[in-house]
Amino acid sequence: MSLRRLALISLLPLVACAAPRSEMKLYPLRGPIAAANPALIIDLNAKVTETTSGTLAFKLPPRVKCKGTWTTVSPREIARTKGFSLSLRGPNGNLDRTIKTLAGVNDGEIYAVCSDGTRVQGSFKIGSGTISGTGSATDTNGNVYKLLF
């Protein structure tokens, strides 16, 4: 195997990690889409970020493009330390601020607007530190969806 080919193969995992995505899925339960095709699964491409929100892109039948946002509220604990020190290293004392995300189940929401004016809105539950969750969504055309990721 050539050095060039080996270098390209070793870069593939890095490129794949550059823009992580979560595979959210909408399963139509009721409404016109479920009536037309009850086995349809709608894939949502959700860009995962280090923050607690990101973008969504997907298509509703018949090829209607939708873009939106997902967000979740992760509770955080902020601890501040103040102290007094007479040592030569820190004459001003010890000052520290620590922020950590608390473990638990967090609430989240999705909202998207489609090219034909349809709006999709939903809510979900997600575990802290995970990219998996469950919820439900509706759209302005009377469709009800189960949301899983």
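The following chat discusses a predicted model of a protein.

User: What helices and strands does the protein have, and in which order do they run?

Analyst: The protein has two helices and 10 strands. From the N terminus on, the order is α-β-α-β-β-β-β-β-β-β-β-β.

User: How much of it is buried?

Analyst: Of the 149 residues in the protein, 28% are buried.

User: Let us look at strand β8. Which side chains point to which face?

Analyst: Strand β8 covers residues 119-127, and its side chains alternate. V120, G122, F124 and I126 point to one face and are buried. R119, Q121, S123, K125 and G127 point to the other face and are not buried.

User: Which strands pair with β8, and in what sense?

Analyst: Strand β7, residues 105-114, runs antiparallel to β8 and is joined to it by nine bridges. Strand β9, residues 133-139, also pairs with β8 in the antiparallel sense, over seven bridges.

User: Which residues are bridge partners of Q121 and G122?

Analyst: Q121 is the bridge partner of Y111. For G122, the bridge partner is A137 in β9. Of these two β8 residues, G122 is on the buried face and Q121 on the other.

User: What lies between β7 and β8?

Analyst: The two strands form a hairpin, with four residues between them. G117 is in the turn and has a positive phi of about 95°.

User: Changing topic: how many salt bridges are found?

Analyst: A search of the whole structure finds two. One is formed by K25 with D43, and the closest N and O atoms are 2.6 Å apart. K25 lies in strand β1 (residues 21-30) and D43 in strand β2 (residues 42-47), so this pair ties together parts that are 18 residues apart in sequence.

User: Are K25 and D43 buried or exposed?

Analyst: Both fall in between. K25 is partly exposed, with a relative accessible area of 21%. D43 is partly exposed as well, at 44%.

User: And which residues form the other salt bridge?

Analyst: K125 forms a salt bridge with D107, where the closest N and O atoms are 2.6 Å apart. This pair links distant parts of the chain, with K125 in strand β8 and D107 in strand β7, 18 residues apart. K125 counts as partly exposed at 43% relative accessibility, and D107 is partly exposed with a relative accessible area of 45%. K125 is also one of the β8 side chains that point to the face that is not buried.

User: Why can such pairs form?

Analyst: Side chains of opposite charge can pair because their charged atoms can come close.

User: Which residues gather in a patch of positive charge on the surface?

Analyst: The patch consists of K59, R63, K65 and K67. K59 lies in strand β3, residues 53-60, and is partly exposed, with a relative accessible area of 42%. R63 lies in the loop between β3 and β4 and is exposed, at 69%.

User: What is phi of R63?

Analyst: Phi of R63 is near 70°, a positive value in a residue other than glycine. Most residues other than glycine have a negative phi.

User: Where is the cis peptide bond?

Analyst: The cis peptide bond joins P61 and P62, with omega of about -5°. P62 lies in the loop between β3 and β4 (64-72), and R63 lies in that loop too. Most peptide bonds are trans.

How values were computed: Residues are numbered from 1 along each chain as its sequence is written. This is a predicted model: local features need pLDDT of at least 70, side-chain atom pairs count only at pLDDT 80 or more; totals for chains, interfaces and linings use all residues. Side-chain values use heavy atoms; hydrogens and water are left out. Buried means under 20% relative accessible area, exposed over 50%, partly exposed in between (1.4 Å probe, protein chains only). Two strands pair if DSSP finds at least two bridges between them. Patches are made of residues with over 30% relative accessible area and no salt bridge: like charges are joined within 9 Å, nonpolar side chains (Val, Leu, Ile, Met, Phe, Trp, Tyr) within 5 Å. Accessible areas come from the Shrake-Rupley method with a 1.4 Å probe; for residues, only the protein chains shown count as cover. A salt bridge is a side-chain nitrogen of Lys or Arg within 4 Å of a carboxyl oxygen of Asp or Glu. Lys and Arg count as positive and Asp and Glu as negative; His and the chain ends are not counted. The place of a charge is taken as NZ of Lys, CZ of Arg, CG of Asp or CD of Glu.
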